[in-house]
Amino acid sequence: MKIHVIVDDSLEETEVFIKTPKLDQEILAIERELRRSQRTLPLYKDNTEYFLQVHEILFFETDAREVIAHTKDDMYYTDLRLYELEERLPSSFLRISKSAIVNVKKIFALTRGVSSCLVQFQDTYKHVYASRSYYKTLKARMDEEKGDLE
């Protein structure tokens with residue numbers, strides 16, 4: 001697969017073209033992932049409905065019976081359950097415990113403990129814990145992300 005990036009400062013927004021000799025499952029998966037990553041998610045705070053880009057969200061967690069979306073500076077509520085979010089979010093999001101989903105691209109540090117792993121994000125005090133049973137998957141995913149940059 002060839003990938004070309006062309007910078008054109010006359011464009012007002014990014015355009016993505018996929019040229020392919022045939023439409024197969026791989027191409028459909030790429031298209032689906034691109035569409036998911038550009039989605040906004042309706043979130044609530046007080047009596048206001050906000051539409052945030054999913055890439056702005058650091059993590060989702062449950063508190064009692066509510067699901068909270070955390071951004072760098074704020075928190076919002078959603079009517080969706082974690083399992084519903086897992087189906088709708090792009091692949092950059094990963095379940096890290098029974099009560100949390102994290103945006104892998106926003107992780108700054110992992111501090112492993114005996115029973116869990118502290119997940120930290122850059123330029124914010126916010127953090128979340130990954131359970132021991134999810135740590136291996138999280139670590140593998142982080143290594144993948146690191147490999148993409150090398």
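**Close-up views of a predicted model**

**View 1. A nonpolar patch lies on the surface of the protein and is formed by M1, I3, V5 and V7.** Taken together, these four residues offer about 570 Å² of accessible area, in a model that is predicted. One member of the patch, V7, sits in the segment that comes before α1, the helix that covers residues 25-37. V7 has a relative accessible area of 79%, and because a residue counts as exposed when this value is over 50%, V7 is described as exposed.

**View 2. The helices and strands of the protein follow one another along the sequence in the pattern α-β-β-β-β-β-α-β-β-β-β-β-α.** In total there are three helices and ten strands, and the helix α1, with residues 25-37, follows the segment in which V7 is found. Of the contacts between residues at least 6 apart in sequence, 41% join residues that are at least 24 apart.

**View 3. The C-alpha trace of the protein spans about 50 × 40 × 30 Å along its principal axes.** The protein has 150 residues, and buried residues make up 31% of them. Its accessible surface comes to about 11,100 Å², and 49% of this surface belongs to carbon and sulfur atoms.

**View 4. The protein carries 23 positive and 27 negative charges.** When the mean position of the positive charges and the mean position of the negative charges are compared, the two are found to be 8 Å apart.

How values were computed. Residues numbered from 1 in each chain as written. Predicted model: local features only at pLDDT ≥ 70, side-chain atom pairs only at ≥ 80, totals over all residues. Heavy atoms only, no water. Patch = residues over 30% accessible without salt bridge, like charges linked within 9 Å, V, L, I, M, F, W, Y side chains within 5 Å. Areas by Shrake-Rupley, 256 points an atom, 1.4 Å probe, with all protein chains shown as cover. Salt bridge = Lys/Arg side-chain N within 4 Å of Asp/Glu carboxyl O. Helix = DSSP H or I, 4+ residues; strand = E, 2+ residues; numbered from the N terminus. Buried < 20%, exposed > 50% of the residue type's maximum accessible area, 1.4 Å probe, protein only. Contact = heavy atoms within 4.5 Å. Lys, Arg positive; Asp, Glu negative; His and termini not counted. Charge placed at Lys NZ, Arg CZ, Asp CG, Glu CD.
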